[in-house]
Amino acid sequence: LAGRACYRIYCAADTEQGRYQQRLSEALIASLKTAPEEFRVVYQPQYHLASGQIAGLEALLRWDHPEFGSVSPSDFVPIAEHRGHIHELTGHLVRCLLADLPQSPGRLLPGLRLAINISARQITDSRLEALLKPLFQRIGGIGWLPEIEITETHLMHLSVPCLDRLREFGRQGVIVAIDDFGTGYSSLAYLHTLPVHVLKIDRQFIQRLGEKSRDSRIVSAILGIADALELEVVAEGIEHEEQYRKLRELKCHRGQGYLMARPASWHSLNGALIDQHQE
Ligand code: C2E
Ligand code: CA
Ligand code: CA
Ligand code: CA
């Protein structure tokens with residue numbers, strides 16, 4: 001994806017698509033600097049598949065631009081990465097989260113995960129730890145657990161400093177997940193050396209679940225690897241009952257998808273996060 005965006009930005013500047021990308025890119029950089037109100041965060045719940053109970057939330061960025069409308073993070077995150085502005089983007093994510101999350105647990109369900117997406121190349125940025133610290137403190141303060149999701153495509157390129165940083169996050173109680181697992185290049189030999197706790201199976205494998213027996217074999221294989229390495233597994237993009245049933249049968253731990261819940265604002269989600277048994 002990053003490669004494709006790069007091609008569009010730098011190589012196709014004289015096509016209509018290229019000019020659109022160029023304008024979008026300029027607009028993003030302007031908005032990052034001067035229009036923080038255009039950024040917001042939505043939350044998609046994750047569930048324990050065995051019990052159906054809520055397990056946590058994934059925070060997803062949204063950018064609403066007056067001219068371009070609602071731009072997908074799949075489009076603007078690669079631009080921010082290539083233009084060297086991913087730090088600012090994560091800054092807006094943190095700011096939005098701190099505005100949403102309460103200061104104390106109140107009647108919130110205890111022990112939920114709150115996952116954020118971090119670009120692999122950002123992991124070694126020396127400013128990252130200070131940027132995330134107040135967020136992790138707040139998450140801890142409400143009795144929840146912070147989790148970071150890193151996309152697998154780049155994992156083969158993780159340098160020693162990067163692995164050290166992930167290990168350090170782990171020591172601080174941050175759960176580290178490999179996002180879009182199965183789409184990248186991480187070899188099995190390499191996987192057991194990574195300081196990660198969770199594999200998040202990419203939607204493309206979940207989509208085909210239930211259609212053919214061959215497709216459930218891929219998911220079973222991932223669950224087998226995870227079991228051997230004592231990793232937790234999350235399935236993303238569950239849209240149909242059949243997929244949910246199959247995943248529960250295969251003993252996949254957590255799941256998220258439109259079948260259960262779409263990403264929503266903190267405000268509209270609040271009721272689902274309240275502990276009903278607490279007075
Ligand atoms: P991702 O991390 O793989 O996130 C899952 C994407 O799938 C989200 O799209 C989510 O809305 C969507 N999704 C969830 N359930 C379903 C489903 O059942 N069916 C279908 N078709 N889609 C589903 P979204 O929000 O557009 O985000 C796209 C990507 O942008 C994310 O993919 C993530 O890689 C990136 N991204 C989003 N927010 C951030 C951020 O704050 N920082 C960084 N670095 N990347 C982000
Ligand atoms: Ca993710
Ligand atoms: Ca994913
Ligand atoms: Ca993705």
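## A tour of the two calcium sites

Begin by selecting the calcium ion (ligand 3), whose donor residues follow the sequence spacing D-D-x55-E; donors here are N, O and S atoms within 2.8 Å of the metal (3.2 Å for Na, K and Ca), and as water is not among the atoms, sites may look incomplete. The model is predicted, so local features need pLDDT of at least 70 and side-chain atom pairs count only at pLDDT 80 or more, while totals for chains, interfaces and linings use all residues. Residues are numbered from 1 along each chain as its sequence is written, chains are lettered from A and ligands numbered from 1 in the order in which they are written, and side-chain values use heavy atoms, with hydrogens and water left out.

Now show the side chains around the calcium ion (ligand 3): its protein donors are Asp179 (OD), Asp180 (OD) and Glu236, the last listed twice through OE, and they lie 2.2 to 2.6 Å from the ion. Asp179 and Asp180 are both buried, a term that stands for under 20% relative accessible area, with exposed being over 50% and partly exposed in between (1.4 Å probe, protein chains only).

Next, which residue coordinates both the calcium ion (ligand 3) and the calcium ion (ligand 2)? It is Asp179, and the two ions are 4.1 Å apart.

Select the calcium ion (ligand 2) in turn, and you will find it coordinated by Glu58 (OE), Asn117 (OD1), Glu149 (OE) and Asp179 (OD) at 2.1 to 2.3 Å. The spacing of these donor residues in sequence is E-x58-N-x31-E-x29-D. Distant parts of the chain are linked here, with Glu58 in strand 2 (residues 54–65) and Glu149 in strand 5 (residues 145–151), 91 residues apart. Glu58 and Glu149 are both buried.

From there, move to helix 5 (residues 128–141) and pick out Gly140; helices (H or I, at least four residues) and strands (E, at least two) are DSSP runs, numbered from the N terminus. Gly140 counts as partly exposed because its relative accessibility is 42%. If you draw a C-alpha to C-alpha distance from Gly140 to Gly111, it comes to 9.2 Å, although the two are 29 residues apart in sequence.

Finally, zoom out to the whole protein, which has 11 helices and nine strands. Of its 279 residues, 49% count as buried. Among contacts (heavy atoms within 4.5 Å) between residues at least 6 apart in sequence, 69% join residues at least 24 apart.
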